[in-house]
Every structure is written in C-alpha cells, then in structure tokens.
There are 2 protein chains.
Amino acid sequence: MESLAALLLLILLSSLASSFPHPLDPLTFTEISTVRSILSSHPPFSHPNSFPSITSLSLLEPPKTSILSWLPSSPPLPRRATITAYSPNLTHLLSIDIPSRLILSHSTIPHPSAFPRLTSSDISRASSTTLSDPRVIRIIKNRGLDPSRINCLPLSPGWFGPQEENRRLAKVQCFALFYNTTANFYMSPIEGLMVLVDLDVGAVVWVRDEGRGIPVPNGEGTDYRYTGGAVRRGVMMERAGGGTGFEVEGGHMVKWGNWELHVKADERAGIVVSTAKVRAVEGEEWRSVMYKGFASELFVPYMEGSEGWYFRGYMDAGEYGLGSCAMPLVRLNDCPRNAYYMDAVFAGEDGRPFVRPDVICLFERYTGDVAWRHSELFSDEAIHESRPKVTLVARMVASVGNYDYIFDWEFQQDGLIKIKVSLSGMLMVKGTVYQNMSQVPKEHDLHGTLVTENLIGITHDHFITFYLDMDIDGPNNSFVKVHMTKQEISPEESPRKSILKFNREVARTEKDGRIKLNLYDPSEFHIVNPARLSKVGNPSGYKIVPAATAASLLDLTDPPQLRSGFTNNQIWITPYNQSEEWAGGLFAYQSRGDDTLAVWSERDRPIENKDIVTWYTLGFHHIPCQEDYPLMPTVSSSFDLKPANFFDKNPILRAAPYFEEDLPVCETFARGELPNCNSI
Amino acid sequence: MESLAALLLLILLSSLASSFPHPLDPLTFTEISTVRSILSSHPPFSHPNSFPSITSLSLLEPPKTSILSWLPSSPPLPRRATITAYSPNLTHLLSIDIPSRLILSHSTIPHPSAFPRLTSSDISRASSTTLSDPRVIRIIKNRGLDPSRINCLPLSPGWFGPQEENRRLAKVQCFALFYNTTANFYMSPIEGLMVLVDLDVGAVVWVRDEGRGIPVPNGEGTDYRYTGGAVRRGVMMERAGGGTGFEVEGGHMVKWGNWELHVKADERAGIVVSTAKVRAVEGEEWRSVMYKGFASELFVPYMEGSEGWYFRGYMDAGEYGLGSCAMPLVRLNDCPRNAYYMDAVFAGEDGRPFVRPDVICLFERYTGDVAWRHSELFSDEAIHESRPKVTLVARMVASVGNYDYIFDWEFQQDGLIKIKVSLSGMLMVKGTVYQNMSQVPKEHDLHGTLVTENLIGITHDHFITFYLDMDIDGPNNSFVKVHMTKQEISPEESPRKSILKFNREVARTEKDGRIKLNLYDPSEFHIVNPARLSKVGNPSGYKIVPAATAASLLDLTDPPQLRSGFTNNQIWITPYNQSEEWAGGLFAYQSRGDDTLAVWSERDRPIENKDIVTWYTLGFHHIPCQEDYPLMPTVSSSFDLKPANFFDKNPILRAAPYFEEDLPVCETFARGELPNCNSI
C-alpha cells in the first residue's frame, strides 16, 4: 500500500510538474487568446476599425536573473507578453501581464523611425495594388502574358536616403505563373518591371519598365514537384520501437544523453535554443554552456547596381521573420523517420493565435562518423577501439520567398555544439536577352552567371549573424583571444628556426572583442569563466571554431552595409543587455543603420569577467552556377562551439561501442520489395 | 534452348570479365609472389644474406594515356610492379613486368640521398637496440620503473644539417607500460630520455637524459579499452536485406548511383580514388571528373625547440606510410553495418604478400540532411518539396603511432565530392614537474597546455596535402581564379556605393597557380575544361571549396618547413608528371627538401589548357585542451570538389522523395530489449 501511495504521489507530482510551463516556454494558444482579449479593451485596439496590425506577439522572457535562479520546484515566473503592433502612423510596443490582465507598458513610436516586419496582409496588398494598376496590366499584356497568371511579390526596399523616409514602401517584382508547366515562377521574372508601392496607402507610387525586349522564360524544365517515377529506397536512420532517444518535457525542454536544453520557435528568430547545459557523467551537476542562442539577423546583399536590383539587401529576420517564414517540415525528407516534431503557436495580425505544425524537428543522428578511435600496435596485443558518433539535431527551415534556409543546432556527446546553415531553394534571377555567353560582349559585366538561356543568377552574399549568450559555468565570462604567432629561435637555443607560440589576450572592452579572421594571423577564440578553474588550473571554457565563411567586402558607407553593420566583423562581444538581441535593430524594415550591433559596440563597454554575448557571422559568397538552376542543391557551412578545458578530460572515453545485438533488426521494406537505390 | 545458350554465354562472358583485372587494380597476392620469385634470382636479392629490405612493392600504374583509352573490352594492360628496396648502402628502385618476368629497370641510389620509409624491422630494431643499452636501463631503473615494462618507439629525426647526413637515424622515445592499468602508454612518457639510434648499424649513437625529476605518470584513468558497462543502443544507418546500395566490380570498381570510381589501398598514400566519373542521368555518357586523388603527404610539426622535441616534424606518408599504418576497421563502429569492406594486399619486407583485411570501407550514408528543398507559399497551393541527401563514403584510417587519421571520400548525387580528414587517437605529451597552472611562472612558456597533472599537450600543426589530378571532361584543363573584389560605384550610376564583382583570371604558369587563402581577398578556384562548353557557353568545371583550414606560420627556412615546403601555399597547380606524386619527395625520410612540390613548382611550367594536377593542403592548428586527454574526441575538417557549370542544371531535380513504404521495417533489437540511448 505504501508503494501504491508513493506511486500515486509520483503521478500527481509529475502531472503538476507538466502543468506549470517552463518560464521560457512560448505563449500558449490560450495565453495568446487572453492577450488578445486584454488588448481588445485597450485603445486603439478597442476600436475594431483601428485595430493595429499585430506584427509580433510573444513571450516577454523573464529577466535572466530570474530564469537563472528558477527551479522546476519554484513557483511559476510571471507570464508576460511583448507585442509590436502597427497602425498607419504609429508603431506600438506593449507589454502585458497575462494572469493579472495588466498592461504594463504601452509606448508608441512615430513613423518613420520604426517599421516592423512585413505581414501577410502587406504582402497581399502590395501584390493586389500592383496588379490593379492599369500601367502594370498594359506592360504585362505587351509582353504577351496573361495578367491573371502573374505573381507579384513585395521586396523590402532598404533605405537609400531621406527622400524615402516618410512612408512604408515595397518594391514589387512580378513573375509569370505558368502553373500548368511549373510551380517555379521565380525562373520566369518579368525583368525590368518594378513597381513602388506605398504599403500604408495601398497605392502605386511609380511603375518602371526597363526590360522591354527581355524575354520571359516559359518555365520549361524548372518544376520541382514530385510527380512519380524514380524511387529512392533503402537507406535510413532509425531507432527501433519508434523511440526518439531523448525526452521532451513540457513540449520544449529536451533531455538527451548528457545534454539538457530548451528549444522553441520564435516568429522573428526562428529556432531558439536556451539554457543549454551539459555534464560529463550522469548524476553530476548540470553545467551551464549557453543561456540563449539564435539567428539574430540574415543579410543578403545582391551585387547589381541597376534600378531593379540595387536596393536588394534583404534582412530576412527583421524584414520578414524567420519563424514567420518557417513552414511545416516534410516528414521523412526534411527530417528522418525517428524525428520528433514541435509546433509553433504564433499570433496572427488580428492577434488571434494559430498553430504552425511541425516547424521544428529534433532527431538523434548517427552519421556513420567516429566519436573517437585508436588502433594500437605497439602494445602486448593489438588494440582496435572505436566509438560511433551519435548526435542530437534540432532543425528549422525558413522559406523566405525564393530561398530556403535550414538551421541546424547539433549537440554532440563530447560537449560540442555545431551550428549549421544550409541554403536551398531558388536563385533570384535576372532576365537577359543573352542566350549564350558567346553573345555577351567582353566588356559587359553580367554581375553573375548565365545559368540558362535568358537568365542570369546574380552574385550575392548571405550573412547569418548568430546571437550566442554563452554562460560558461555561469554568466560572468571573459573573451580570450589565443593568438598564434611565429616565434623565431636563435641557433643557440635550438636547431629549429621558428615555432608557433600562442599568447592569451583577455579582451577588456568591446573593441578588443571585434575579430576579423585571418588565416595567416590566426587565433582561437575562447569564452572562459575565469572563476572556474579545472583541476589543473585552466579556466573552464568553450571556443568558437569558425569553418568556411565569407566576409562582406562592401563599402562601410554603402547603405545596405551600413544597415547591416553587424557583418563588419566575424566576431563581436558585447555585454549582456536584454534590449540588444537584434543585430540589425529592433525595427529593421527601411532601417537606417542607427540601431545595429556595430553602433552598440562603439560604446566600447567593459567585457572582462562580465555577462557577455558573443556574435558570430557565418557568411557565403554566392556566384551562381548552372547547377543552381532551377533549384539549388543545398550549400552548407557551420561553426562549432567546442569545450576547451571545460571538462577535465575527454568526457566520452567510457562510451560503449556498438555490438550487433544493440542494433534494430530490419527485415524488409514496407512495400516488400528488394532495395534498389541506384536509380535516383 | 536459344535462351539457355545466351545465358551460358552471358555467364562465360561475365566470368571472363571478372578474371581480367582493371589496369589500376593493385597487385594480387599471386602477382606479388611472382615478383618475389623474379627478384629472388636477381642480385642482390638472389643472395639470401643480402636480400634488401622491401619498403615498397606495388603496381606500376600503366601510363595515363593507356588508362584513358582502355575499355573493359580491351586487351589487358601490362601488369608491372615498382619496387623500392633498401640495403645498408644503397636504395634500389626496380620495375618488373610480371607476366614476362622481365626486370625492366634497376637503378640504385647511394645513401644518404634516398632513405625509404621505416619498416617494422626498423621499428623493432630501434626499440630493442635502445632497451639493450645499459645506460638506458640505468636511467629507467633510476626512475623507479621496470625495464621489462617499457615501450620505445623510433621517431623520424628530420634533417637539421650536414652533420646528420651520413647515416639512417631514429630518435627513440620511451614510455612506461602499465599494461595492467592501461593500454595508453603514450600518457606515461619517460620525459627527457632521448636515444639516437643508427638504424643500419643497430647501435646507440648517444643517450641523453634531461628529464630527471619529471615524474612518469602512472597511466591511471587513461585506458580506453572497452570493458563492459554502458550500452549504446538504437540509432543506426541501415539498408534492408543487407544490400550496400552500390556494386563493386572486380573488387575495386565501385558503381553507385550516377558515380563510377576505382578505389584501392596504397601502402604509402592510404586510400586512392581513381578514374572518378559522373553523369547526370542514367544512360548518358560517363564524364571524367578526377583521374586520381589521394593524400600525398601529412606533415606534423611540433612547436617546442628543446632537445627532445625540436626535430619532431613528421611526414607520416613518406616516413611511415599511411597504408602501412592502416589497420582493420572496427565493424559497426568505424563504419556502419551496411558497409562493404575492402582488403589490402601488401608486400612484407621479405617481398612476400600478406593480406591486411578490412582496411577500406564503403557505405551509403543517409545523414538526415537535405539534398534540396523548397516550400512555396506564393502559388496556387502551398508546395513543400524536399529530398533527402544520400551519399557514398569511402573510408580508411591510418594509425600512425599515437594519432589516428580518418580519411573520407564522400560522393554526393549532385556531383560534389567532399574530402574529410578526422583526427583522433593520442596527443604527444611532454612530462613536466607542474601539477597545476598556479605553479607555472608567468614567464615560462609551456609550448602547449597542461592537460593533466605532469603532462603538457604540446602545440602542433597537421597538414594533409592532397594530390588531385582533376580531369574535367578530359585531361586538358585550366585553373581559373574567380577573383572577387569590391567595385566602387559612382552616385550617377546607382544609389549603391559598392558591389562585389568577380574577374576570371586564367593561370598561365605554375606561379599563377599558387594560392594563399585570404578572407578579405577571396576567390573561387575553378578547374575548367576550356574546350567543353555548357549549353549556354560556360566552360565545364569543378571548383575546389576550402572550409576550415590552417596555414603554416613557420619560417620558410626552418628545416621542417623546408622539407615540407608543399605547405607554403594552400593550393598549387602543376602540370601532370607521373614522377611528381609525392609532395615531400619520393624519399622523405631524413630528406633535405630538395625534391618537394615547392621545388618542382619553381620551374614555373605552363599550366593553361594542359593536363594539370591540383594540390590542396588541409591544415589544423592544434593547441591541445584537457578534453584531448587521454584520447582525443575526433576533430574534423574537409574541403569540397563541387561542380560549377559542369552540369547544365541541377542534376538531382528529378530525385524521388522518401515515402514510408520505401523504408525498411525495423521491429526489435536483436537482444529483444527496448531502446535506451541516453546512457552513454
């Protein structure tokens, strides 16, 4: 009876535990509904005709200090919402305490200082406004196209001077929609047709057409929808019994092996990883690695100065929203069969909650790689020891118009975190009269590659700037540049003439924390806790390990670069500041670059032994090639956060190898046929 | 009856086909035996007492022109052997035609110009010579150690001037062997004891001991052998029915999806990939991508100038042999269950063949990654299309003493080849009196990291230089630097102030083909066939895409750097020359740097529209951390060979997605238990 009572108590406690959300859990459907009902009685939201458009409605995260001291057994922390809303002359910022229904703050910012991201309505309005303009219709007809089969998309206009300051604008580009032939309208641009739309007034400001004579490709061979045929079969990644290999508590808290982390979707940042903790051995204390990490901004400048192209320097997180653009993942194909899926609950423009299913997947991955190994011949008997690498991947995909960005956070048992971005989807192509490179005069710069007849893939860059609030064994950390240089040695000292030496340089202020990578002047970049020493006295640390990347070569005063000044360095370090999360500024649309990481960093605040935030920018130069047409095979790059004297020794030395009997038994295909993987 | 006859004919033909080897197949057991019998009647091999030690005996590959024109239906090409043998005053180079038993050439090179790699006998002799020296025994006893439980390993001495020219030497380092406690003797160095051995005479030249007072760690906690306990379970990569997803014809010719390649093990280079061909669609012509690729040399300089350390600048391929050091792969752990294994047949020092089983594995890999995807919202109906990435991996592991190098060649269906090197195994550690960083005077440079009490992981680099004989659609190719620069724009031209432009610069001679990577002066590096244009007139090409790498910062005149001058640039281009395969020279042991890639390149030969070879060096700076003790978790880097206007369009657009019924059904574990992957 006693054990039954204990069991019942356990069941009760666990049901209670799961009924309290983790304080970083996103707002629930009910909470968003409550927020909307609170708003509905608060002006101007209380007037149905002037209900501002909600551009952001999400959890106001409790202060970091509260989160750090919170325990599952603690009373729940306040559930508050932060809201951005837009009405034609004002942007509203509100915070609301949900249980008490109190509006904690409501400030307004007059335009044009603060334009939030584009909403679905903005996109529809821009398109319909364009397609109801008789000039546009005439141009479309003159190209021999059916105006009812045209797709028009608003592009963020950037900011190029005060003449554009006083209204919220979109530059609209149109594509022919040969839907019977192809879904891939991006490959059928109506080149040279550019329409400037005032988004608030819902009016066309001007129509330009500089593309007469440039053919609109008919989309043949560009479709990518599966219509049957080739069967791909047989290779998979699997767990038996349908298990995932990890637990997800309360929908967001993930426990896998020696990792514990909170994962959620954010409408602006996309996937957000919080309070990542690790330990070497089960039962040991959990040790903090990262308080919060996410893609803060994504800058995509195109390299063409002409009327239809110069302004293209997208800031996809701030202008469109990476979470807003995250679509349901395609099961079995975006993520393997053993994946767990997480939904997002977002608020619509009207403040009503909606569920976006399957936007994040988590899966255990066995890559076929090796976690560690050694073969030893010079011992009494030959030794061959090897351990398979198994990781946990958390993934989200943002489909920002033509491009698809796959964001992976991969956790290894040895404590390493790999952050990977993969690019797929469609190029932004420019129509041209040329069908072959032999027709292009030598002095004519295409600003890209002729990817097929009449289409140029325009050169561009991608920069993804990650916010990484590393808290190595606690918030107070230092940034240490482990700088490697050649040390010359005199003949008296050694037969060698030189060695590579390293110096540990502790960054005192923000300017010391700005890093431009240089292969011939290399450093390691450590975030250490100077107060936590290893058993032999090294400070506990993680290092940020860049891999392939690209730097912006644009002029620092070029308007797109000015707005995206956060890409001026590969690494920045700032003191933690709850209001400095968005590298391009809270309001990125038509921003002027006055609220970026580059500006904040100019204050040169102290960063030594402080709660600091690391910013890393992963870059890609993209000179298109024909293989990118009509849809790009994925291109990936990554960087690592790697323990460096964080553990006293290799934490996975005691990992077990695989034996045959540990693996699932797979007998047949569901279809019952033999494997045939060669026909792709 | 007719069909039976046809069937019999087919069986006959296919058995004939498989009885002729591919002309690049390595020598068989029988062929090596024949070579030995031919040698046995040829002086000095005919005298049993003066039989030179065979340091290399392998296929003399037929001339490239013969291979390129060879077809499976052609008569077999000559089967010839190339042999390097060593006798105390001479190095012999021979070539033998096997079927005719003719010795085609026999040249001798007097010492000290040409020392081949160390043999097992050299290693044993160096160890036994050391351990029979009474001075060594006394030193060992003085440290309180049992001389019968000591392991001594010869280290290549490099070359530091003419005083070392006249004999073949090894520097011997000893370790305490606490075998009951640990197999990991590398963590118990007898620091400061260094013995110089004359390998030919078998005598100790000198004994030095500068390590008195430095404790020898007792190996506690350093063992890595599996002794039961934690069970890792449940994640796997699998094909149903035991299939591999590819075919291997004649033991070496691999056909997978749209790839065809020849894979073999070489005693010096390790894994060799030859005649890699790809096509977009089944039935189309096979198109040449790479004639031959392998790791040509592996340079590992240590960054410590003292007596016991200055000379450590290993050239593992030329001094030890990557294939010679390749051990059988650990099934299920080094490679997944669906792997196919390839054996190597090598010749021993006595010329007799032996089989090294399972040194190469090939497996189809599903990483859980995406080959391409797009979600489209702005069309009549939402579209979500995604295709899983499936690749073919060919892997070999070389265990060169303490370090394990995992070499992966990974082929993607989109034509990309990823070449990855992963490092594991043990650090070379140096004994020290220090137990904690607090004891180390500020001005004292450890030249590394205190990884545990009394052991410093010494800073070092790894450089792996790959030989890549790219033949894009045929042998005659050009190297094109697609150089990116900032182009300033005037206000009259555009509201932009700058764009990124690119220029295609064709390399005329070898000096144009030397590349030092620079993040702020970037280029793409294309190997193109100027005679083969795409449908829109772009030359067919592949680009070499670096990822994380490191450059050597050593002085160009520092002896180790001089010997490894091939690491002076990240990329070199040379005209094809059958005798220029080994970046550090044919004879690397005690080499003086007079036969390296850096020397050959000085001739500045024309390389435009020629049969050219690309050399890429993948580098790692390795400042050890405590996690690397007592055995390193793998560290990886890679580079890609990526189609760039090689295909007219994305070659995998028509790939099929996975459906549930395409995947194997996995029900249970062989052990019949539920999965539990959290306990590692």
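This is a short walk through a predicted model, from its two chains to the residues annotated as its active site.

Start with how the copies are arranged. In general, a rotation about an axis and a shift along it relate two copies of a chain. Here, chain A is superposed on chain B by a rotation of 180°. The shift along the axis is 0.0 Å, and the RMSD is 0.0 Å. That is the relation of a two-fold axis. Both copies use the same surface, since 100% of the contact residues of chain A recur in chain B.

Now look at the interface itself. Chain A brings 194 residues to the contact, and chain B brings 194 residues too. About 17,000 Å² of area is buried between chain A and chain B. Carbon and sulfur atoms give 55% of that area. There are also charged and polar links. Between chain A and chain B there are 18 salt bridges. The count of residue pairs in polar contact across this interface is 92. On the side of chain A that touches chain B, strand S17 (residues 353–376) supplies the largest share, with 14 residues. One of the salt bridges pairs A:Asp404 with B:Arg373. Their closest N and O atoms are 2.6 Å apart.

Next, move to the annotated site. An unreviewed UniProt entry lists A:Asp316 and A:Tyr403 under "active site". The two are spread over 88 residues of sequence, yet they cluster in space. The largest C-alpha distance is 10.2 Å.

Take A:Asp316. This residue is in helix H6 of chain A, which covers residues 316–319. Is A:Asp316 buried or exposed? A:Asp316 counts as buried, because its relative accessibility of 5% is under the 20% cut-off. Beyond its neighbours within four places in sequence, A:Asp316 is in contact with A:Glu297, A:Leu298 and A:Val300. A:Gly321, A:Leu322, A:Val400 and A:Tyr405 are also in contact with A:Asp316.

A:Tyr403 carries a second annotation. The unreviewed UniProt entry gives it as "modified residue: 2',4',5'-topaquinone". A:Tyr403 is in strand S19 (residues 403–412) of chain A. With a relative accessible area of 2%, A:Tyr403 is buried. Leaving out residues up to four places away in sequence, A:Tyr403 touches several residues, including A:Tyr302, A:Ala398, A:Leu423, A:Met426 and A:Met632. Three histidines are among the residues touched: A:His460, A:His462 and A:His622. Which side chains make polar contacts with the side chain of A:Tyr403? The side chain of A:His460 does so at 2.6 Å. The side chain of A:His462 does so at 3.3 Å.

Finally, turn to chain B. B:Asn454 lies in a loop between strand S22 (448–452) and strand S23 (455–458). B:Asn454 counts as buried at 9% relative accessibility. Setting aside neighbours within four places in sequence, B:Asn454 is in contact with B:Pro215 and B:Pro217. Its other contacts of this kind are B:Lys430, B:Gly431, B:Thr432, B:Val433, B:Tyr434 and B:Gln435.

Terms used. Residues are numbered from 1 along each chain as its sequence is written. Chains are lettered from A and ligands numbered from 1 in the order in which they are written. This is a predicted model: local features need pLDDT of at least 70, side-chain atom pairs count only at pLDDT 80 or more; totals for chains, interfaces and linings use all residues. Side-chain values use heavy atoms; hydrogens and water are left out. Copies are superposed by least squares on the C-alpha atoms of residues with pLDDT of at least 70 in both. Contact means heavy atoms within 4.5 Å. UniProt positions are given in the numbering used here, feature names are shortened, and annotations may be inferred rather than shown by experiment. Helices (H or I, at least four residues) and strands (E, at least two) are DSSP runs, numbered from the N terminus. Buried means under 20% relative accessible area, exposed over 50%, partly exposed in between (1.4 Å probe, protein chains only). A polar contact is a pair of N or O atoms within 3.5 Å; within protein, one must be able to donate a hydrogen and the other to accept it, and residues adjacent in sequence count only if both atoms are side-chain atoms. Buried area is the accessible area (1.4 Å probe) that two parts lose on being put together, summed over both. A salt bridge is a side-chain nitrogen of Lys or Arg within 4 Å of a carboxyl oxygen of Asp or Glu.
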